[in-house]
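Reader: I'm new to this one. Could you pick a single part and walk me through it slowly, along with whatever it packs against?

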Amino acid sequence: LPSPLFAPAMKAGQMVRGLLPAALKAKVPAPQNAGAWPSRQHARKVLMLAGCVQPAMMPNINTATARVLDAVGVQAVIASKAGCCGAVKFHLNDQEGGKAEMRANIDAWWPLVEQGVEAIVMNASGCGVTVKEYGHILQHDPQYAARAQRISGLTRDLSELLPAMLPELAAKLAGRVQQPDTLYAYHPPCTLQHGQKLRGEVESHLNQLGFKLRVARNEPHLCCGSAGTYSVLNPELSYQLRDRKLGVLAEAF
């Protein structure tokens, strides 16, 4: 579906989710409460890409990200005209359509970039790896090449901001993180490991905050089976990869 239609289509699917056949129902998550967006204003600001799939399927991720940033005095700003990062169309070999979405995002973000936002924060690693490649993808576009390079240079995965945030977050979370015997399994996304070349940082930072994370010892580098449109267009292989990943995560305990 074109990105503007994804959210309405997902909402319609959630309304009739109970009536859907099992295979289709598995693709439609139950509606989720997004939670409250912070209302405080801060001098320090970052841009955040809302995305096209995430707000419809897992809306609490964006609001939770904004609340974490707010807790350390950073305001997350979303440009209303920014949409899909362009990755989905690239996955489907619609490269010109993907580039059009990239240019639209650059246009939406540029006024805020000129106002001095500190970074463009990504909390979906697939979007992050794509936006970090804007400068490369649009390098031969005379109108957008320089701005695309600037956008890529400003783009940071949320985990890249954690080191500077650790002292303040640790103080706020002291005694509130979890029961001592609670363990969490963690799967580092393929696009974070292999696309953005960020390995081991999330686990290290969250452990420092008091969360006890375990990463699968076997095959931690392998895909979970989602990979953008792959889970829709190649469901049989996708489910095999998913089940294999769930198996090795269970072994972590």
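Author: Sure, let's start with helix 12, residues 201-208, whose buried residues are V202, E203 and H205. Buried here means under 20% relative accessible area, with a 1.4 Å probe and protein chains only. Helices are DSSP runs of H or I with at least four residues, strands are E runs of at least two, and both are numbered from the N terminus. Keep in mind that this is a predicted model, where local features need pLDDT of at least 70, side-chain atom pairs count only at pLDDT 80 or more, and totals for chains, interfaces and linings use all residues. Residues are numbered from 1 along each chain as its sequence is written, and side-chain values use heavy atoms, leaving out hydrogens and water.

So what do those buried residues pack against? Their partners are helix 10 (158-173), strand 5 (184-186), helix 11 (190-195) and strand 6 (213-215), with contact meaning heavy atoms within 4.5 Å. Just past helix 12, G210 has a positive phi of about 105 degrees.

Now follow the contact over to helix 10. Its buried residues are S159, L161, L162, M165, L166 and L169, and helix 12 is among the elements covering them, as are helix 4 (60-71), strand 3 (120-122) and strand 4 (155-157). Helix 10 also has a kink of about 70 degrees at M165, shortly before the proline P167; that bend is the angle between axes fitted to the seven residues ending there and the seven starting there. Just after helix 10 comes G175, with a positive phi of about 75 degrees.

Definitions and conventions
Buried < 20%, exposed > 50% of the residue type's maximum accessible area, 1.4 Å probe, protein only.
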